[in-house]
Amino acid sequence: MGLAEQFNQPLRPHSWTSKRKWTRSELSNEREEFFDTRVTGRPEIWGTLKMVVGLVGDGEVETAQGILDAAGVTVPTGDLVNGVYDEAGNFYQMPEQVVGDPDNVVVENDGAVDAEMAKGGEGEMDEEELERRREEKGKGVLKSGDLVKVRARLSDRGGPDVVIMVSKEQSVRILIRKIQDEIEIPGKGKVRIAYLGKILKEGETLLAQGWREGHVVNALVFQ
């Protein structure tokens, strides 16, 4: 095995058992505090790692690996807990409770959360279908005051940013679909939207997630 292969192993989820009883809300707060208080290293790399931790926690390891590769971040052991390096050779390390949930995490109101997610998912599908039908019938006319110009920077190319017009009330999912139509992604390519180091929820609007008009979002393109 070559040196490069030894130095950068494929990313894998970290498995561990905690002596302390953590709840998911406590772990979430711990992660937010950790990433908000980093004073060494490059801020954009910490933002990338925060994004990657969230994706791995959602089971999207392949997407997380793509983001690490695009940012030039290497994981010598494949386990984030053991540390990573940026292209300049700077070392970044995160504690276990930041990298992932322990096997013995204490679950809070799990049934209520699952029900809410299921309800939300159904609503998101309805929104996309409704938007599509409105456009087909020509009834999706929006007032100019409701529109915002979103500049998206594509991760898979060095060309100019893509500028998309969307309504303030439209979700990120609609923005993604319009970007896909604009750049004509081949095959089964997917797009995720990131802003300030965080993957945005597709079922919510840009404004609801802290985006400000005039700010650039990152369109992460995965083939």
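# Exercises on a predicted model

Once sequence neighbours within four places are set aside, Thr205 contacts Lys168, Glu169, Gln170, Ser171 and Val172. Please keep in mind throughout that this model is predicted.

## Exercise 1: Thr205 and its surroundings

Task: Find where Thr205 lies, decide whether Thr205 is buried or exposed, and find how far its C-alpha atom is from that of Val172.

Solution:
- Step 1. Start with the location: Thr205 belongs to the loop that runs between S6 and S7.
- Step 2. Next, look at accessibility. Thr205 has a relative accessibility of 16%, so it counts as buried, the cut-off being under 20%.
- Step 3. Now the distance. Thr205 and Val172 are 33 residues apart along the chain, and 5.5 Å separates their C-alpha atoms.
- Step 4. Join this to the opening contacts: Val172 is one of the residues in contact with Thr205, and Val172 is also among the buried residues of H7.

## Exercise 2: Helix H7

Task: Compare the end-to-end reach of H7 with the expected value, then work out how many of its residues are buried.

Solution:
- Step 1. H7 covers residues 172-183, twelve in number.
- Step 2. At 1.5 Å a residue the expected length is 16 Å, and the distance from the first C-alpha to the last is close to that, at 16 Å.
- Step 3. Turning to burial, nine of the twelve residues are buried, leaving H7 mostly covered.
- Step 4. The buried set holds Val172, Ile174, Leu175, Ile176, Ile179 and Ile183, and also includes Arg173, Arg177 and Lys178.
- Step 5. Finally, check what follows the helix: Glu184 comes after H7 and has a positive phi, near 50°.

## Exercise 3: Arg31 and the packing of H2 on H3

Task: Place Arg31 in its helix, say whether Arg31 is buried or exposed, and describe how H2 and H3 pack.

Solution:
- Step 1. Arg31 sits in helix H2, which spans residues 24-36.
- Step 2. Its relative accessible area is 17%, so Arg31 is buried.
- Step 3. Beyond neighbours within four places in sequence, Arg31 is in contact with Val53, Gln97, Val98, Gly100 and Asp101.
- Step 4. For the helix pair, the axes of H2 and H3 lie 10 Å apart, at an angle of about 165°. That angle makes H2 roughly antiparallel to H3, and their crossing is right-handed.
- Step 5. Between these helices, H2 supplies Arg31, Glu32, Phe34 and Phe35, while H3 supplies Trp46, Leu49, Lys50 and Val53.

## Exercise 4: H3 and H4

Task: Test the length of H3 against the expected span, then describe the geometry of the H3 and H4 pair.

Solution:
- Step 1. H3 has 15 residues, which should span 21 Å at 1.5 Å a residue; its end C-alpha atoms are 21 Å apart, so the values agree.
- Step 2. The axes of H3 and H4 come within 8 Å and cross at roughly 165°. The two helices are therefore roughly antiparallel, and the crossing is left-handed.
- Step 3. The H3 side of this contact consists of Ile45, Thr48, Leu49, Met51, Val52, Leu55 and Val56; the H4 side consists of Val61, Thr63, Ala64, Ile67, Leu68 and Ala71.
- Step 4. Compare with burial: Val61, Thr63, Ala64, Gln65, Ile67 and Leu68 are the buried residues of H4. They pack against H3 and also against strand S7 (216-222).
- Step 5. Look past the helix ends. Gly59 follows H3 with a positive phi near 85°, and Gly72, just after H4, has a positive phi of about 70°.

## Exercise 5: Leu196

Task: Find the phi of Leu196 and decide whether Leu196 is buried or exposed.

Solution:
- Step 1. Leu196 is in the loop linking strand S5 (190-195) to strand S6 (198-199).
- Step 2. Leu196 is not a glycine, yet its phi is positive, near 55°. Most residues other than glycine have a negative phi.
- Step 3. With a relative accessible area of 71%, Leu196 is exposed.

## Exercise 6: The whole protein

Task: Give the order of helices and strands along the sequence and the share of residues that are buried.

Solution:
- Step 1. The protein has seven helices and seven strands, in the order α-α-α-α-β-β-α-α-β-β-α-β-β-β.
- Step 2. Of its 223 residues, 38% are buried.
- Step 3. Among contacts between residues at least 6 apart in sequence, 63% link residues at least 24 apart.
- Step 4. The exposed area is about 13300 Å², with 49% supplied by carbon and sulfur atoms.

Technical notes
Residues are numbered from 1 along each chain as its sequence is written. This is a predicted model: local features need pLDDT of at least 70, side-chain atom pairs count only at pLDDT 80 or more; totals for chains, interfaces and linings use all residues. Side-chain values use heavy atoms; hydrogens and water are left out. Buried means under 20% relative accessible area, exposed over 50%, partly exposed in between (1.4 Å probe, protein chains only). Helices (H or I, at least four residues) and strands (E, at least two) are DSSP runs, numbered from the N terminus. Contact means heavy atoms within 4.5 Å. The expected span of a helix is 1.5 Å times one less than its number of residues. Accessible areas come from the Shrake-Rupley method with a 1.4 Å probe; for residues, only the protein chains shown count as cover. Axes are lines fitted to C-alpha atoms, for helices over the stretch in contact, and angles run from 0 to 180 degrees between N-to-C directions. Angles under 35 degrees count as roughly parallel, over 145 as roughly antiparallel, 65 to 115 as roughly perpendicular and the rest as oblique. A crossing is left-handed if the near helix is turned anticlockwise from the far one by less than a right angle, and right-handed if clockwise.
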